[in-house]
Amino acid sequence: MRPRVRHVRGEIEMAEVDIIDGKAFAAKLRGRIADAVSEMKSDHNVIPGLAVVLVGEDPASQVYVRNKNKATVKAGMNGFEHVLPMDTGQEELLALIGTLNGDDAVHGILVQLPLPDQIDEQAVIDAISPDKDADGFHVVNTGRLATGGDAIVPCTPLGCLMMLKDRMGDLSGKEAVIVGRSNIVGKPMAHLLLDANCTVTICHSRTADLPEVCRRADILVAAVGRAEMVRGDWVKPGAIVIDVGINRVPKPGEEGKTRLVGDVAFAEAKAVAGAITPVPGGVGPMTIACLLANTVTAACRQHGIAPPEF
């Protein structure tokens, strides 16, 4: 942690910024998931199963899918990996999803995005059974989340909420500002924070005086997809900053090389924030862990078992 200076009633006070270690948090979560899976096996003879479907040979997606399958098996779950050629047609993919929907050993289904141009992504998402929608993208799950029902929640905002509750405890009454209004992060994050009794503002490209709106936030979630857009002077002193962005930018002084940065200017923000997630190593590691948690939750619901609270 890095010391920073606070001005308190005219006096200077040294404080510590809390760097939120998403990798460590995700490891603990995976441990709790493994315990839950072991209990499901012994008490109910149920082994949660996750099917991951990849269309094409994108190297980054291949690595991501392999990592998901390894994490699934390590947690004691069944992993089913389906890799299809790049020229796979939409009907063939929909047929596979139909088969997985009807397979009792499969409790969660994830189709790796993006898909090739010949396939309609929304049609594929709509074809997945809402009860097996491990990503939480189906319109039924988004509707359940918006209305306070038992939804499967998108993995990234779910991971953000877990880290916020771990750092802050009860979120009631906190003012939360979300920069970004995507269906994958911004909107579900808003619903989760509303459910936690926060006062929530969603910002976007047409928000008037965006920096001033951000300065009101006790909780600031950046999910806009623009490298280091949120500056340090946008952050309220002591605020919790959750940086969802993953952007690859040129590495200074090293031609042809790149580095990963978030949507927040980290060096500036960490001098002001009470706690902040780094990039990499913050929100990112939580995605796969929450995918496993979603699959366990889905398996419990499909078998009439009370889902664990992760």
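This is a short tour of one structure, with something to select at each stop. Keep in mind that you're looking at a predicted model.

**Stop 1: the largest pocket**

Start by selecting Y64, T156, I246, G284 and T287. Of the 46 residues lining the largest pocket, these are the closest to its centre. The pocket itself has a volume of about 1500 Å³.

Now switch to a cartoon view and colour α1 (22-44), α2 (59-74), β6 (108-111), α6 (155-168) and α10 (286-302). Each of them supplies at least two residues of this pocket's lining. Which element gives the most to the lining? That's α2, with nine residues.

Try colouring the lining by residue class too. You should find 26 nonpolar, twelve polar and eight charged residues.

**Stop 2: the second largest pocket**

Next, pick out A151, V153, L158, L192 and R301. Among the 24 residues that line the second largest pocket, these lie nearest its centre. Its volume is about 780 Å³.

Keep α1, α6 and α10 coloured, and add α7 (186-195): each of these four helices puts at least two residues into the lining here. By class, this lining splits into 14 nonpolar, four polar and six charged residues.

**Stop 3: the cavity**

How many cavities of 30 Å³ or more does the count come to? One. The largest cavity holds about 80 Å³ of space.

To find it, select I109, L110, V111, L113, E121, V124, I125, I128, D133, D135 and F137, which line it. You've met β6 already; β6 and α4 (121-127) each supply at least two of these lining residues. Eight of the lining residues are nonpolar, none are polar and three are charged.

**Stop 4: helix α3 and its two sides**

Select residues 90-101, which make up helix α3. The helix has twelve residues and reaches 16 Å from its first C-alpha to its last, close to the 16 Å expected at 1.5 Å a residue.

Show the side chains of L93, L96, I97 and L100: they are buried. Why do they sit on the same side of α3? Because they cover an arc of only 100 degrees around the axis. There's a handy rule behind this: an α-helix has 3.6 residues a turn, so residues three or four places apart point the same way.

Now spin the helix around. On the other side of α3, E91 and T99 are exposed. To see what covers the buried residues, bring up β4 (49-55), β5 (78-84), β6 and α4, which are among the elements that do so.

**Stop 5: two cis peptide bonds**

Zoom in on L113 and P114. The peptide bond that joins them is cis, with omega about 0 degrees. P114 is in the loop between β6 and α4, and L113 may look familiar, as one of the residues lining the largest cavity.

Then jump to V279 and P280, where the peptide bond is also cis, with omega near 0 degrees. Here the proline, P280, is in the loop between β13 (275-276) and α10.

**Stop 6: two positive phi angles**

Finish with a pair of backbone angles. D209 isn't a glycine, yet it has a positive phi of about 50 degrees. Look for D209 in the loop between β8 (199-203) and α8 (210-214).

Your last selection is E228, another residue other than glycine with a positive phi, this one near 50 degrees. You'll find E228 in the loop between β9 (219-222) and β10 (240-243). This residue is partly exposed, with a relative accessible area of 28%.

Definitions and conventions
Residues numbered from 1 in each chain as written. Predicted model: local features only at pLDDT ≥ 70, side-chain atom pairs only at ≥ 80, totals over all residues. Heavy atoms only, no water. 1 Å grid on protein atoms, 1.4 Å probe; cavity = no way out; pocket = protein on both sides within 12 Å on 5 of 7 lines; lining within 4 Å. Points joined across faces, edges and corners; volume = space filled by probe spheres on them. Nonpolar A, V, L, I, M, F, W, Y, C, P; charged D, E, K, R; others polar. Expected span 1.5 Å × (residues − 1). Buried < 20%, exposed > 50% of the residue type's maximum accessible area, 1.4 Å probe, protein only. Arc of directions from axis to C-beta. Contact = heavy atoms within 4.5 Å.
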